[in-house]
Amino acid sequence: MFSDESRFSLQSDSCQTLIWRAPGTRYHQKNTIERHRYGGAAWLVWGGIILVSRANLHVQSVTMTGHIYRDVILEQHVHLFRGTMGTEFLFMDDNARSHRENIVDECLQAEDIPCMDWPAYSPDLNPIEICLADEL
């Protein structure tokens with residue numbers, strides 16, 4: 001099972017205008033690009049895919065913590081797929097900080113959920129990232 005979550009900001013906390021300029025140019029208007037950074041109210045959306053199926057999307061308005069990840073994602077979603085797949089089940093997440101907390105590791109071990117070793121910061125290797133990019 002491949003899983004991932006994305007944060008969707010409802011507003012911007014950055015009132016800055018960022019400037020990009022090519023070497024040899026001086027603040028031309030065409031080089032001014034306004035960008036919005038995450039901040040303020042947001043929704044976090046988690047999803048998972050497995051073989052020809054997928055988990056229901058989980059949407060929450062709070063930051064993902066190790067406790068929420070364990071209580072909601074692992075116990076309500078991943079555990080069900082683990083039961084269905086049996087010994088063939090292998091779980092992959094993206095090594096986010098909340099995914100590597102001790103309570104999460106303890107839950108994975110207690111539930112006998114095997115996890116795929118995954119290098120940090122490697123979204124280009126994650127099949128769920130490729131599926132989401134294809135949808136956009």
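A residue counts as exposed when its relative accessible area is over 50%, as buried when that area is under 20%, and as partly exposed in between. D112 has 52% relative accessibility, so D112 counts as exposed. The model described here is predicted. Its salt bridges, one of its helices, a buried histidine and a nonpolar surface patch are the topics below.

**Salt bridges**

- How many salt bridges does a search of the whole structure find? The search finds 3.
- One of them joins R82 and D112. Their closest N and O atoms are 3.1 Å apart.
- This pair links distant parts of the chain, with the two positions 30 residues apart in numbering. R82 sits in helix α1, which covers residues 66-85. D112 sits in the loop between α2 (102-110) and α3 (127-135).
- Is R82 buried or exposed? R82 has a relative accessible area of 14%, so it is buried. Its partner D112, at 52%, is exposed.
- D93 and R100 also meet through their side chains in a salt bridge, at 2.8 Å from N to O.
- D93 is buried, because its relative accessibility is 6%. R100 is partly exposed, because its relative accessible area is 32%.
- D71 forms a salt bridge with R70. The closest N and O atoms of this pair are 2.8 Å apart.
- Both residues of this pair have values in the middle class: D71 is partly exposed at 33% relative accessibility, and R70 is partly exposed at 22%.

**Helix α2 and the residue D112**

- Which residues of α2 are buried? They are I103, V104, C107 and L108.
- Why do these residues line one face of the helix? Seen down the axis of α2, the buried residues fall within an arc of 135°, so they line one face.
- The other side of α2 has exposed residues: N102, E106, Q109 and A110.
- What do the buried residues of α2 pack against? They pack against α1.
- D112 follows α2. It lies in the loop between α2 and α3.
- The phi angle of D112 is positive, near 55°, and D112 is a residue other than glycine.
- D112 thus appears under two topics here. It is the salt-bridge partner of R82, and it has a positive phi.

**The buried histidine H58**

- Where is H58 found? H58 is in strand β6, which covers residues 58-60.
- H58 has 16% relative accessibility, so it counts as buried. The cut-off for buried is under 20%.
- Which residues is H58 in contact with, leaving aside its neighbours within four places in sequence? The contacts are L44, V45, W46, V72, I73 and H77.

**The nonpolar surface patch**

- F8, L10, W43, L57 and V59 make a nonpolar surface patch. The patch is about 530 Å².
- W43, one of the patch residues, is in strand β4, which covers residues 42-50.
- Why does W43 count as partly exposed? Its relative accessibility is 38%, and partly exposed residues lie between the buried cut-off of 20% and the exposed cut-off of 50%.

Notes:
Residues are numbered from 1 along each chain as its sequence is written. This is a predicted model: local features need pLDDT of at least 70, side-chain atom pairs count only at pLDDT 80 or more; totals for chains, interfaces and linings use all residues. Side-chain values use heavy atoms; hydrogens and water are left out. Helices (H or I, at least four residues) and strands (E, at least two) are DSSP runs, numbered from the N terminus. Buried means under 20% relative accessible area, exposed over 50%, partly exposed in between (1.4 Å probe, protein chains only). Contact means heavy atoms within 4.5 Å. A salt bridge is a side-chain nitrogen of Lys or Arg within 4 Å of a carboxyl oxygen of Asp or Glu. The arc is that of the directions from the helix axis to the C-beta atoms. Patches are made of residues with over 30% relative accessible area and no salt bridge: like charges are joined within 9 Å, nonpolar side chains (Val, Leu, Ile, Met, Phe, Trp, Tyr) within 5 Å. Accessible areas come from the Shrake-Rupley method with a 1.4 Å probe; for residues, only the protein chains shown count as cover.
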